[in-house]
Every structure is written in structure tokens, then in C-alpha cells.
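The report below was requested for a reader at the bench who wishes to see how a ligand is held and how the surrounding chain is arranged. It begins with the ligand and then turns to the chain.

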Amino acid sequence: MDSKLKKQLRYLDGVEVDWNVTLAGHTSLRVGGPVSCLIRPLSLAGLRSAVQVLNQNHYPYFILGRGTNLLVRDTGIRAAAISLESGFSQVERVGSSGKIKVGAGLSLSGLLRFCLREGLSGLEFIVGIPGSVGGALCMNAGTDAGVMADVCQEVALLLSDGSLTRLSGAQLRFSYRKLELPADSVVLEAEFSLTPGSRENMREQLRQLLKARKEKQPWQLPSAGSVFKNPPGDYAGRLIEAAGLKGTRVGDAEISMRHANFIVNRGQARASDILALINLAQEKVSQKFGVHLELEIEVVGNNNKT
Ligand code: EPU
């Protein structure tokens, strides 16, 4: 990033900027090289001006949620990362109904705590899913107990030209692990429609969902959740296990013994180790079953040196 752009970003109102930030500290896999800077807008005005400056300078940027579905290459990314955690984590009830308005930067665990406190049911399925509200919306996160599409009524967006818009009802095109959004738009907040529920019943449901999750998935080691989407009519975990790959290691990265669709970091794994396991799983499953495994996690970064 050249010094002129650095200077412009440094003097913007309503944003905090850190330079040359290693993303290993900002991803659940605990791997990944640096971004040019990490921008934390404290307000909508701050976000808008940062995006405007980056666009004017044709400098790439991306929104960094909680980094829970992200594999950043070891060489890092020539881009600015923008975190909505500081300025966009508000949550409030809308009127006396079960409607709530939530900032994209709020963590899913923070959202769930609010729902429990307010006795609002409908989002229990997110228990144990790490990540931010914005990230969860963009990938229609969920489990077999529910997905974001079930409860999301409206999404507010910042468009690449700096204007604001809202998508609701049929305009919200959710599908399996996907929400179609205009190019380069940023999810700012969302409205969810929930129903009043007994706190005791909610707590019991959360306890059971979490227990089931912990029994099936590796939760003590860093990971990015499911690595691949389930192919139509089958399960990525089943296919990878049937290809004989459970427990396969490259460096400190391992195809989990507990759930084959998870790759865990046993300590000092590098992104290149994880990518090698991803390639191996795709290759073996394709050879053995003729099925292409499509990534659920997002891989970002310069790929010339990994
Ligand atoms: N299976 C195996 N071997 C394994 C793992 C799974 O044979 O190592 C088989 C299981 O026996 C089961 C089937 O595969 O018959 C499905 O497994 P599981 O119930 O664990 O669900 P999943 O389809 O692998 C999905 C989501 C998870 C979510 C769970 C629970 C995807 C890609 N994954 O997993 O979401 O937690 O259901 O509802 O849709 C995530 O998206 O990051 C994530 C963790």
C-alpha cells in the first residue's frame, strides 16, 4: 500500500487502522499471513469514507467477520480487511413483537445471549457456531435444526457506490450456504423475526444442541467448521471417511478423526498444509466416487508462494 493511501486512511474520521496485521490472530484456524491493514470503522460514516477512499485508489478490500470460515494463505493478502466488530454490533428489539434488529459485526454468541435474556426463541440453532451475524447471513449458516434464512426478514446493505438499500422477502435469495447479494455490497444489519419463548425451554434446547454438536465435531482444536459443502444427496464427511482419509496429516494439519469434514490445526499448521489436505480430499473422493467436493470455507490470499 503506497504512502499516499496510507495517509488518507490514517486521517479519516470515525475509523481506527492497524497496519500489516497477521490474520493468524483473527481466524479460527489460527493460520494465515498479513493484510496491508485492518480498518475498524466506528460508524456508518467512517465505513463509507473508508470504502470510498479504497475504491478511489482501486485498492482491494474485504469484510473480515470473525474469521471462522476463512483460510488465509501463508503469504497473506494485498488488501485491506474491514472489521465491523467495533461499530456495528448493536442489537435491539423492534416494537413489542418478536422482531429484532442486529448489527452485522455482532458475534453469534452475543446474539444468542440477547435472545435468551429477552426470552425470544428461533435462533437456538446457532448455538456453538462461531462467527459474526454478517458472516452467518452471507453464507446462510446453520445446521439441520435451522438456517439463517428461516428467521431473517430483512438485510440492510451498503452498496459499492456508497448508497444504502434494504432487501426483504423474495429479494432475499438464500440457498444452501449462500445469500446472493449485489457485487461488493456490505451487510450492515439484519432484522430477524423471533417468537416469545420460555427461557427455561430455550436453555434446555441449547444444552441438547450443544451436547450433540460436541459429540460429533472436534471443538477443542482450531478449525473452520465444515471444510466442504455436502454434495447433493450425500455428505462430505461420509465420503472423506470412506476414502480412508480420517486422521491424515500434513505438517500440523489433520483431517479430524472425529469428523472427516473438519480439518484441525494441531499446533503450528500452515495454510499450505491445510490446502494440501483439501486437494488430497478432493482428489481421492473424485477418484473413488466421481464426486467433486466444493469448498464451503473461503480461501483468500496471494497464491504465488504457498
Ligand atoms: N459422517 C461420516 N463420517 C464423518 C462425519 C460424518 O460418515 O467423519 C456421516 C454421519 O454419520 C452422517 C452424515 O455423514 O450420516 C452427516 O454428518 P453430520 O450429522 O455430522 O452432519 P454434516 O452434514 O457433516 C452439517 C453441517 C454442519 C452442522 C451439522 C449439524 C454442512 C457442510 N455441515 O454437517 O455445519 O453443524 O450438519 O447440523 O452442511 C459448518 O457449516 O461449518 C458446520 C459445522
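## Ligand site and backbone features

A polar side-chain atom of Arg-213 is placed 3.1 Å from an oxygen atom of the ligand, in what is a predicted model. Lys-216 likewise brings a polar side-chain atom to 2.9 Å from an oxygen atom of the ligand, whereas Ala-260 approaches with a backbone N or O atom, which lies 2.8 Å from an oxygen atom of the ligand. Taken alone the ligand exposes 820 Å², and the protein buries 77% of that area. The three contacts are set out here.

| Residue | Protein atom | Distance to a ligand oxygen atom |
|---|---|---|
| Arg-213 | polar side-chain atom | 3.1 Å |
| Lys-216 | polar side-chain atom | 2.9 Å |
| Ala-260 | backbone N or O atom | 2.8 Å |

In total 21 residues surround the ligand, and the closest of them are Asn-230, Glu-241, His-259, Ala-260 and Glu-296. By residue class, the shell around the ligand divides into five nonpolar, eight polar and eight charged residues. Strand 9 (142-143), helix 6 (199-216) and helix 7 (236-242) each supply at least two residues of this shell, and the largest share, three residues, comes from helix 7.

The domain assignment of the protein chain gives domain 1 (3-82), domain 2 (91-216) and domain 3 (236-300). Because domain 2 and domain 3 both give residues to the shell around the ligand, the ligand lies between them. The C-alpha centres of domain 2 and domain 3 are 29 Å apart.

Away from the ligand, helix 2 (residues 44-56) allows a check on its length: at 1.5 Å a residue its 13 residues should span 18 Å, and the end C-alpha atoms are 18 Å apart, which agrees. The buried residues of helix 2 are Gly-46, Leu-47, Ser-49, Ala-50, Val-51, Val-53 and Leu-54. Just after helix 2, His-58 takes a positive phi of about 50°.

Positive phi values also occur at Asn-20, where phi is near 50°, and at Arg-177, where phi is near 55°; neither residue is a glycine. Asn-20 has its place in strand 1 (residues 15-22), while Arg-177 is found in the loop between strand 13 (173-175) and strand 14 (178-180). Is each of these residues buried or exposed? Asn-20 has a relative accessible area of 56% and is therefore exposed, whereas Arg-177, at 17% relative accessibility, counts as buried, because the cut-off for buried is under 20%.

How values were computed:
Residues numbered from 1 in each chain as written. Predicted model: local features only at pLDDT ≥ 70, side-chain atom pairs only at ≥ 80, totals over all residues. Heavy atoms only, no water. Near = heavy atom within 4 Å. Polar contact = N/O pair within 3.5 Å; in protein donor to acceptor, adjacent residues only side chain to side chain. Areas by Shrake-Rupley, 256 points an atom, 1.4 Å probe, with all protein chains shown as cover. Helix = DSSP H or I, 4+ residues; strand = E, 2+ residues; numbered from the N terminus. Nonpolar A, V, L, I, M, F, W, Y, C, P; charged D, E, K, R; others polar. Domains from an automatic or database assignment. Expected span 1.5 Å × (residues − 1). Buried < 20%, exposed > 50% of the residue type's maximum accessible area, 1.4 Å probe, protein only.
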